[in-house]
Amino acid sequence: MFRRLGKLVVAAIALSPAQLFAHDMWIDPTTFFPESGQIVGLRLRVGQDLLGDPLPRDPSLISLFIFEDATGRKPVVGRDGADPAGFMRVATPGLVVVGYHSNPSAVELTPEKFNQYLKEEGLDAVAALRARRNEMGAKAHEVFSRCAKTLVLSGPASDGQRDRILGFTLELVAERNPYAIATDRELPFRLTYENRPLPGALVVAMSRVNPSAKLTARTDSDGRVRFRLKQAGMWLVKAVHMIPAPPGANAEWASYWASLTFELKDAP
Amino acid sequence: MRVPRRGLSCCLVVGAASGFAALMLICGSVARAHEIGTTRVSVLLQADRYQIEIATDATALLEKLEASAGRPPSPYKGSARSEAWLATFDEIFRRRLKVAFDGSDVHPRIEYSVSPQTDTTSPPLATVRLSGGIPRGARDFTWTYSWTFASYALTVRSDRSETPLTEWLEGGQTSKPFLLSGAAPPIDRIVAAWRYFTLGFTHIVPNGLDHVLFVLGIFLLSGRARAVLWQVSAFTVAHSITLGLSMYNLIAVSPSFVEPLIAISIAYVAIENIFLSEVRSWRVVLVFAFGLLHGMGFAGALKELGLPRSDFLTALLTFNVGVEAGQLTVIAAAFLLVGMRYGTRDWYRRRIVVPASLLIAFTALYWTVQRLPF
């Protein structure tokens, strides 16, 4: 079901300006394993191959910035313009789910860049639709929204701890606790769009240690993919979904960028 | 005007966080929200040299450089040694930026520095300074920077332009050409000319009572147009000379010396009006000399207001014209209210000139004492 892509030579190629506008966005907590009572900084990062630039807290971009633990949902607080963009206090032991849903941002792309970006992100249906409409040579106007999550563990891990559905437009949900599996084991994920499984979407997983060695898979009819995550360290799992922009959006396309980060410890 | 490099750097570092909200507002006013990072680029274009400062997250920059170089992660992140580590990537760093004049790349001198973390949550800031000479005859400047994935602000300042230009760029995007000629659009020059004309006028009416009294003193001695014209012309030529010389920093006289002398000149003209009944040739020479003093006073006021570098001469000339317009307005008002109706009456000198001159003289003497530095 999954296949390993070969190493894409070196990260220098990944930094090619040709991939200029197809940037991932993820949450990079100051620690994935806080003590109970510890304050965790929640850094937002935008970039490629887990090489990211800081995104300071921008209230005009935040639609939802929250965390959920066993006691419920709370807002992620922070100072406007600051990096880390938010902070949370881990009050009780357990799995904490952090979510950031942005408001849409607008971008205009040249036809070459947009076509390349569709290819990179596996958005074949959109590319086919553009081809049918004879728009492959046309500039593209897009509004994109970020749907980023991270999983943080305080205290001991258990199978009973689960990722939570936050209700994001596009959402990746880990169907097992990544902190409760040994490395080199399969981890199932489910991708939902508007709370319904999204089939046929390209999902990519990459580790911070070797981000160019990407794992990729298409979601099945239930929106599920499974990855075998051998590498210890931080992981980013991501997916992009694009639809024709709704009327009044002042763009032809609307995209949603889901991401999920967590850290795997060395295999026992 | 030379902007100290350290000051520029300070502005970047200190202003980065606090200025972010304002930058977002600016950005938000022209487009929908963008993902704005922490990178800022500031360019200073001088007559023959350029200085560029890139302020960016040190850790993020190092990670990208290390990945591009295929090197392992730095053991120095966040420490004082990260500065030297950063400098070792000079050749790679240069590959993803472009400083160009008229589309041709130049090879800047680059210095790297990393400021330490101020607390455990704030990331260390890297400041990269680029500098070099501007090719002779170059007409425009363009900038490309590909070491950031987020949007960033490029601010360009020039010796020839008062207002810095800010352009929002994505990483890898080339800026619009910045014209080195600094030629302001005609509308800007007209606006500047009107602004400084207005400032010159209001420096006389209503703000310059001392200058108003001096002009009234000139008017009162003789209501005849020829006499007034000679004195006003001498005064205008004189104050234009010292205003220009002062503004070009060719002369500099302390206001503590000039201001009491201006008051004395007003008192002198007023007292002379009491004892003279017609304009003598030496009176014109004296008014010329007093005009030199008043010009230095105008220069002091104009320096406080500030002159735009791009339209220095326009502003200087229009300020002077505004001053003239103010003086002529005073004379016209005095003529219409008093001179036209009563100037030929027998009692004009006795009932108007002498009492008014006495009032002016007492006021000016009071100012003289008030303005003395001791």
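Start with a lysine over a ring: the charged end of Lys265(A) lies over the ring of Phe33(A), at 4.3 Å from the ring centre. This comes from a predicted model, as does everything else I will go through. Chain B has a contact of this kind as well, with the charged end of Arg96(B) over the ring of Trp147(B), 5.7 Å from its centre.

Trp147(B) also belongs to an aromatic cluster. The other members are Phe93(B), Tyr112(B), Trp143(B), Tyr145(B) and Tyr152(B).

On to ring pairs. A pair of aromatic rings is described by how far apart the centres are and by the angle between the planes. How many aromatic pairs are there over all chains? The count is 19. I will take two of them, which share a phenylalanine, Phe101(B).

One is Tyr50(B) with Phe101(B): the centres are 5.5 Å apart and the planes are at 45°, so this pair is tilted. The cut-offs behind that word are under 30 degrees for stacked and over 60 for edge-to-face, with the rest called tilted. In sequence the two residues are 51 apart, and the pair links distant parts of the chain. Tyr50(B) is in strand 2 of chain B, residues 49-57, and Phe101(B) is in strand 3 of chain B, residues 97-101. Are these two buried or exposed? Both Tyr50(B) and Phe101(B) are buried.

The other pair is Phe101(B) with Phe141(B). Here the centres are 5.5 Å apart and the planes are at 50°, so this pair is tilted too. Phe141(B) is in strand 7 of chain B, residues 140-145, and is 40 residues from Phe101(B) in strand 3, so again distant parts of the chain are linked. Phe101(B) and Phe141(B) are both buried.

Staying in strand 2 of chain B, Ala55(B) is located there. With a relative accessibility of 3%, Ala55(B) counts as buried. Ala55(B) and Val114(B) are 59 residues apart along the chain, and 9.5 Å separates their C-alpha atoms.

Next, helix packing in chain B. Helix 9, residues 255-275, and helix 12, residues 348-371, have axes that come within 8 Å and cross at roughly 160°. How are these two oriented to each other? Helix 9 and helix 12 of chain B are roughly antiparallel, the cut-off for that being over 145 degrees. The crossing of helix 9 past helix 12 in chain B is left-handed. Sorted by class, the residues of this contact are 18 nonpolar, four polar and three charged.

Helix 9 of chain B also meets helix 7 of chain B: their axes come within 9 Å and cross at roughly 25°. That angle makes helix 7 roughly parallel to helix 9 in chain B, since the cut-off is under 35 degrees. Helix 7 of chain B passes helix 9 of chain B in a left-handed crossing.

Now the backbone. Most peptide bonds are trans, and most residues other than glycine have a negative phi. Which residues does a cis peptide bond join in chain A? Asp83(A) and Pro84(A), with omega about 5°. Pro84(A) is in the loop between strand 6 and strand 7 of chain A. In chain B, the bond from Val205(B) to Pro206(B) is cis, with omega near 10°. Pro206(B) lies in the loop between helix 6, residues 186-204, and helix 7, residues 209-221, of chain B.

Back to the loop between strand 6 (72-75) and strand 7 (86-89) of chain A, where Arg79(A) is also placed. Arg79(A) has a relative accessible area of 55% and is exposed. From C-alpha to C-alpha, Arg79(A) is 9.0 Å from Asp58(A), and the two are 21 residues apart in sequence.

Last, positive phi in residues other than glycine. Asp49(A) has phi near 50°. Asp49(A) is in the loop between strand 3 (39-48) and strand 4 (51-55) of chain A. At a relative accessible area of 8%, Asp49(A) is buried.

Asn134(A) has phi near 60°, again positive. Asn134(A) is in the loop between helix 3 (124-132) and strand 10 (140-154) of chain A. Is Asn134(A) buried or exposed? Its relative accessibility is 69%, so Asn134(A) counts as exposed.

Conventions. Residues are numbered from 1 along each chain as its sequence is written. Chains are lettered from A and ligands numbered from 1 in the order in which they are written. This is a predicted model: local features need pLDDT of at least 70, side-chain atom pairs count only at pLDDT 80 or more; totals for chains, interfaces and linings use all residues. Side-chain values use heavy atoms; hydrogens and water are left out. Rings of Phe, Tyr and Trp (its six-membered ring) pair if their centres lie within 6.5 Å; planes under 30 degrees apart count as stacked, over 60 as edge-to-face and the rest as tilted. Helices (H or I, at least four residues) and strands (E, at least two) are DSSP runs, numbered from the N terminus. Buried means under 20% relative accessible area, exposed over 50%, partly exposed in between (1.4 Å probe, protein chains only). A charge sits over a ring if NZ of Lys or CZ of Arg is within 6 Å of the ring centre and within 35 degrees of the ring normal. Axes are lines fitted to C-alpha atoms, for helices over the stretch in contact, and angles run from 0 to 180 degrees between N-to-C directions. Angles under 35 degrees count as roughly parallel, over 145 as roughly antiparallel, 65 to 115 as roughly perpendicular and the rest as oblique. A crossing is left-handed if the near helix is turned anticlockwise from the far one by less than a right angle, and right-handed if clockwise. Ala, Val, Leu, Ile, Met, Phe, Trp, Tyr, Cys and Pro count as nonpolar, Asp, Glu, Lys and Arg as charged, and the others, Gly among them, as polar.
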